[in-house]
Amino acid sequence: MKSTFLLKVDAAINLILGVLLMAFPEGLVKALGIPMEVPAFYATILGGVLFGIGLALLIECYVKSSRFSGLGLGGAIAINLCGGGVLAIWLIGDTLSLPLHGQILLWCLVLLLIGLSLLEGIAHLRNETTDE
């Protein structure tokens, strides 16, 4: 898989999650069964950060300038592993009172983040071996 394709997928995921967290639609949050925080200050801040990461990934994909770059594959891997790892720790700790469908959704997100990191790492290693 090409690393630019993975960066675009990663960017799309970050942009979508960012917009959802910034909007923080109460009905969607309840329907998904994820924790509801009131006020939604931290969730909206996180949404802004994720949206910014998504934009940085798109810049990395589309802006080919030596003076201006976005976030490379290594940064995307680190962000996804950290986010997925922290979420997994919360879920393993079992301190969240979530309905089953909320737990399933969040575990799917953990798998998505860690799986995407693995694919990005493999793509990066393949690019390194072809560059040599």
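These exercises work through the fold, first helix, core and surface of a predicted model.

**Exercise 1. The overall fold**

Task: State how many helices and strands the protein has, and in what order its elements run.

Solution:
- Step 1. Count the elements: the protein has 5 helices and 0 strands.
- Step 2. Read them from the N terminus, which gives α-α-α-α-α.
- Step 3. Add the dimensions: the C-alpha trace spans about 50 × 25 × 20 Å along its principal axes.
- Step 4. Turn to the contacts with a separation of 6 or more: residues 24 or more positions apart account for 70% of them.

**Exercise 2. Helix α1**

Task: Find what span is expected for α1 at 1.5 Å a residue, and which residues of α1 are buried.

Solution:
- Step 1. Helix α1 covers residues 3-23, and it has 21 residues.
- Step 2. The expected span is 1.5 Å times one less than the number of residues, which for α1 comes to 30 Å.
- Step 3. From its first C-alpha to its last, α1 reaches 30 Å, close to that expectation.
- Step 4. List the buried residues of α1: Ser3, Leu6, Leu7, Asp10, Ala11, Ile13, Asn14, Leu15 and Gly18.
- Step 5. For the spacing, recall that an α-helix has 3.6 residues a turn, so residues three or four places apart point the same way.
- Step 6. Look past the helix end: Phe24 follows α1 and has a positive phi, near 45°.

**Exercise 3. The nonpolar cores**

Task: Identify the residues of the largest nonpolar core and the element that gives the most to this core.

Solution:
- Step 1. The largest nonpolar core has 10 residues: Leu7, Ala11, Ile53, Ala56, Leu57, Cys61, Leu71, Leu73, Ala76 and Ile77.
- Step 2. Two or more of these residues come from each of α1, α3 (41-62) and α4 (73-93).
- Step 3. The most come from α3, which gives 4 residues.
- Step 4. Take Ile53: neighbours within four places in sequence aside, Ile53 is in contact with Asn14, Leu71 and Ile79.
- Step 5. Another core lies apart from this one; it has 6 residues, including Ala88, Leu91, Leu106 and Val110.

**Exercise 4. The surface**

Task: Decide whether Ile16 counts as buried or exposed, and name the patch that Ile16 forms with other residues.

Solution:
- Step 1. Locate Ile16: it is found in helix α1.
- Step 2. Exposed means over 50% relative accessible area; Ile16 counts as exposed because its relative accessibility is 53%.
- Step 3. Together with Leu20 and Leu28, Ile16 forms a nonpolar patch on the surface, with about 240 Å² of accessible area.
- Step 4. For the protein as a whole, about 8,300 Å² is exposed, and carbon and sulfur atoms supply 72% of it.
- Step 5. Of the 132 residues, 30% are buried.

Note on methods
Residues are numbered from 1 along each chain as its sequence is written. This is a predicted model: local features need pLDDT of at least 70, side-chain atom pairs count only at pLDDT 80 or more; totals for chains, interfaces and linings use all residues. Side-chain values use heavy atoms; hydrogens and water are left out. Patches are made of residues with over 30% relative accessible area and no salt bridge: like charges are joined within 9 Å, nonpolar side chains (Val, Leu, Ile, Met, Phe, Trp, Tyr) within 5 Å. Accessible areas come from the Shrake-Rupley method with a 1.4 Å probe; for residues, only the protein chains shown count as cover. A salt bridge is a side-chain nitrogen of Lys or Arg within 4 Å of a carboxyl oxygen of Asp or Glu. Buried means under 20% relative accessible area, exposed over 50%, partly exposed in between (1.4 Å probe, protein chains only). A nonpolar core is a set of buried Ala, Val, Leu, Ile, Met, Phe, Trp, Tyr and Cys residues joined through side-chain atoms within 4.5 Å. Contact means heavy atoms within 4.5 Å.
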